[in-house]
Amino acid sequence: MELVCPAGTPAALRAALEAGADAVYCGFADETNARNFPGLNFSRPELAAAIDLAHARGKKVLVAINTFPRAGAEPMWHRAIADAARFGADAIILADPGLLAHAADRHPDQRLHLSVQAAAANADAINLYAREFGVRRVVLPRVLSVEEIAAITPEISVETEAFVFGGLCVMAEGRCSLSSYATGQSPNMNGVCSPASHVAYDSAGGQQSARLGGYLIHQRPQGATMPYPTLCKGCFTSRGETGHIFEDPVSLDASRLVPALARAGVTALKIEGRQRSRAYVAEVVRAFRAVVAAIGSDTPPPAAALARLAEGQAATTGAYAKTWR
Amino acid sequence: MPLTFPQAVRNLPAPPLFPLTFLLGRLMRRVAARHPAILTRLGPHAGARILIDAQEGPVLFLMEPAARRLTAHDRSHVPPHDACITGPMADFLSMLHGLEDGDTLFFSGRLTISGDTSAVLALRNALDDAELDLTEEIIATLAAGDAAARLMRWGLRRAGALAGVSLHRQPEDR
Amino acid sequence: MDLTVGPNAFFWPAETVRAFYAALADAPVARVVIGEWVCSKRLPFWQDEIPVAVDTLLGADKEVALSSLALITLRRERKLAADLVRVGLPVEINDLSALIHLEEGTPFWVGPMVNVYNEGTLRWLAARGATRVCLPPELPLTSVRVLAETGQGLGVAIEVWGHGRAPLAISGRCYHARLHGRAKDSCQFVCGDDPDGREVETMEGQPFLRVNGVQTLGHHTQTALPQLADLRAAGVSSLRISPQISDFPAICAHYDRALKGGSTAPPDLAGMDWANGFLAGRPGVDWAVTQN
């Protein structure tokens, strides 16, 4: 199985290659990609150099241009595709149908992957994107169980890529406006969920609080674990009950499900975390390299001691287990 | 019983600030010159004034990237700032040297931040990409000759090991 | 500009659905989209009302379309979408996968859960046969202007979310069931207890969201009324009015009067909080524009 690893900076990309990534995904430092965070991502020269470096080592670079272009501003996204293709990107990861149509028309030889942001959650959707735009691989949305993935793969002719570690969307990706409801900025339009510019942490009276767009999302004693204030993992009240009504502040760890995902026909495993540091990338990639190496052998995969890296320091297998719903 | 590093530091008298600030300023200008990508990555956040509060330390540090300024301040005179990061010095150094992940330290409650979250994030990402080595930067700042540099490298490595903090990049240890 | 009533987001008893659509026959709306778009488990409880409602509405000279689900994952949900296109009425797709069942060139409508953010996507949908598109609620007026103009050139009618709690997210997980300590498969249809969604407040007690099964809505009712003149000038052809359990005929009448030059203040109804931030390019929950 191909191990697809995140890089928010050239340093993280080198760390991922060093740690055993088969492919690294990254994006330009603007709103064309869904991790448009301050200080993150690649300039044009940085991306060109990164692709050359990876190719020299026989590895791949996948370029995510996976936001939905703003009406009237499509040329910015078209330029991003043209540049990634010109630099030799092994694949471009897209979500927007208009952008996919453009890429299929103008760059017919460029390999295209369907981003998780397109939320292609069944075989019909995947076959539609394959037929209309010639996508060669689909990143599976995190609403599917392992059984459902196993049922999808025989019905499609393209490769599949499944998330195995990192931040977890609990809503169908690319179809969520919770962030823009509270902040005016969304993953689809701006490439940011719960943007840092609208996040405020505060400490008072032994309590630490986190607000998004002014709304109190978390409150914890000083020194306790503190999640990032995304609404889907926030603490709310409903009829007198207070708690994490959507999802606890946990992140995905499907390391134990890797053999099952392989049996389900999944081609590639994806690690989330372009916004994380090179230390995180190195540690997670190294752990999953060992997990992949153990597939098919009698030795059980090494227990990945990764829980401490997870948000809330707790992990879930998410929608992969049907009981999650 | 030997003192641990944090206790040892806390027991020190506050140092005279002018020489420290002078050295920090040189270090900062040197780093900015050797790693111009840091300022590029910071972009619009380069102008932010970021206060670094290493809890056990006797002084506060104020980083002003655009002005290429790093200054030390007495705890009794907190300078105006846009954002503040609070945590153990050992964690700051581990993060700088790529041994620890900033989000992990933050999620676990070891680091806390307040003020302009974007500026903190931008600084974290810019420094992470720069792959700084504090030992090498100090040596470069002091413009030490070859022999002196070797001695300092050895000294800082020993000091870091004794204190349990990372004073240099250690790819060979990983 | 006219009014389109969207599909009902909530789980209502069959007799409530029947009365709702019977009353709608007399309402000043041009067209109605009907169907289950949130959760396929609800459908058996009210699907027999659909043909009745369709007949009533067609008899009252409304255009009628059938809505697909917003999130299609299961085999029976895919079959449902395939069956939908064979009925012979226009279909409003709310999950792109429904398109695979439509022969190239068959006219169809596009609902607000499909990501139409730009001209390229609108052009692709028009080439596939789209004749009517309701834009995603989070789009700002600057985008609406460009898309309405593009739509006019393509012969695609552009609709904007005009009234109702905005659909903010859809999930594989049922939050209604989770609030009752149950899983989706054993939900016992608890979402039926809350015909207007279940209230979710911030820890400081501000009303903020509504949980509706696998769907999350904003608590605040979005209204495009204060921006009506801008939308009209942009060439938007219809306002979408989203069903709610109370006061719906009065709401339709109020929007109709506004279209005919009446007040563009929101209707004076008890217990409703209003927002219009999305169109203004601000947080959706904000009341950003009072009038234009």
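## Close-up views of chains A, B and C

**Figure 1. C:Cys187 counts as buried, with 21 C-beta neighbours inside 10 Å.** This view, like all those below, comes from a predicted model. The threshold for burial is 20 or more such neighbours, so C:Cys187 falls on the buried side. Follow the backbone and you will find C:Cys187 in the loop that joins helix H7 (175-179) to strand E8 (198-201) of chain C. Once neighbours within four places in sequence are set aside, the contacts of C:Cys187 are C:Cys174, C:His176, C:Ala177 and C:Arg182.

**Figure 2. Which residues of chain C does UniProt list for "binding site"?** The unreviewed entry names C:Cys39, C:Cys174, C:Cys187 and C:Cys191. Although they span 153 residues in sequence, no two of their C-alpha atoms are more than 11.6 Å apart, so they gather at one spot. C:Cys39 is placed in the loop between strand E2 (31-34) and helix H2 (43-46) of chain C. Is C:Cys39 buried or exposed? C:Cys39 is buried, because 24 other C-beta atoms sit within 10 Å, against the 20 that burial calls for. Beyond the residues within four places in sequence, C:Cys39 is in contact with C:Gly213 and C:Val214.

**Figure 3. An open sheet of five strands in chain B has mixed pairing.** Reading across, the strand order is E3-E2-E1-E4-E5. Strand E3 (69-74) and strand E5 (112-115) of chain B are the edge strands; each has a single partner, so one side of each is left without a neighbour in the sheet. On average, neighbouring strands of this sheet are turned by 20° against each other, direction ignored. Look towards strand E4 (residues 83-87) of chain B, and you can trace its antiparallel pairing with E5(B) over four bridges. There, B:Thr86 stands opposite B:Thr112 of E5(B). Helix H2 (residues 17-34) of chain B lies across strand E2 (59-64) and E3 of chain B, and runs at about 160° to E3(B).

**Figure 4. Helix H4 (residues 89-96) of chain B has buried residues that pack against several elements.** Which residues of H4(B) are buried? They are B:Ala90, B:Asp91, B:Phe92, B:Met95 and B:Leu96. Their packing partners in chain B are strand E1 (50-54), E4, helix H5 (102-107), helix H6 (117-130) and helix H7 (134-141). After H4(B) comes B:Gly98, with a positive phi near 75°. For orientation, chain B holds eight helices and five strands, and its pattern along the sequence is α-α-α-β-β-β-β-α-α-β-α-α-α. Of its 174 residues, 37% count as buried. Among contacts in chain B with a separation of 6 or more, 70% come from residues 24 or more positions apart.

**Figure 5. Chain A meets chain C through 53 residues from each chain.** On the chain A side, the elements that each supply at least two residues are helix H4 (97-106), helix H5 (123-133), helix H7 (178-183), helix H8 (187-190), strand E10 (215-221) and strand E11 (236-238). What is the make-up of this side by class? The side of chain A that touches chain C has 27 nonpolar, 18 polar and eight charged residues.

**Figure 6. Chain A also meets chain B, with 32 residues from chain A and 29 residues from chain B.** Helix H1 (10-19), strand E8 (199-204) and helix H10 (278-293) of chain A are the elements that give two or more residues to the side of chain A that touches chain B. E8(A) gives the most, with five residues. By class, this side of chain A has 16 nonpolar, eleven polar and five charged residues.

**Figure 7. Chain A is assigned domain 1 (2-168 + 250-324) and domain 2 (178-243).** The C-alpha centres of domain 1 and domain 2 of chain A are 26 Å apart. Where they touch, 13 residues of domain 1 of chain A are in contact with ten residues of domain 2 of chain A. The domain 1 side of this contact in chain A divides into four nonpolar, five polar and four charged residues.

Notes. Residues numbered from 1 in each chain as written. Chains lettered and ligands numbered in written order. Predicted model: local features only at pLDDT ≥ 70, side-chain atom pairs only at ≥ 80, totals over all residues. Contact = placed C-beta atoms within 7 Å. Nonpolar A, V, L, I, M, F, W, Y, C, P; charged D, E, K, R; others polar. Domains from an automatic or database assignment. Pairing = 2+ DSSP bridges. Axes fitted to C-alpha atoms, helices over the stretch in contact; angles between N-to-C directions. UniProt positions renumbered as here; feature names shortened; annotations may be inferred. Buried ≥ 20, exposed ≤ 12 C-beta atoms within 10 Å, placed from the backbone.
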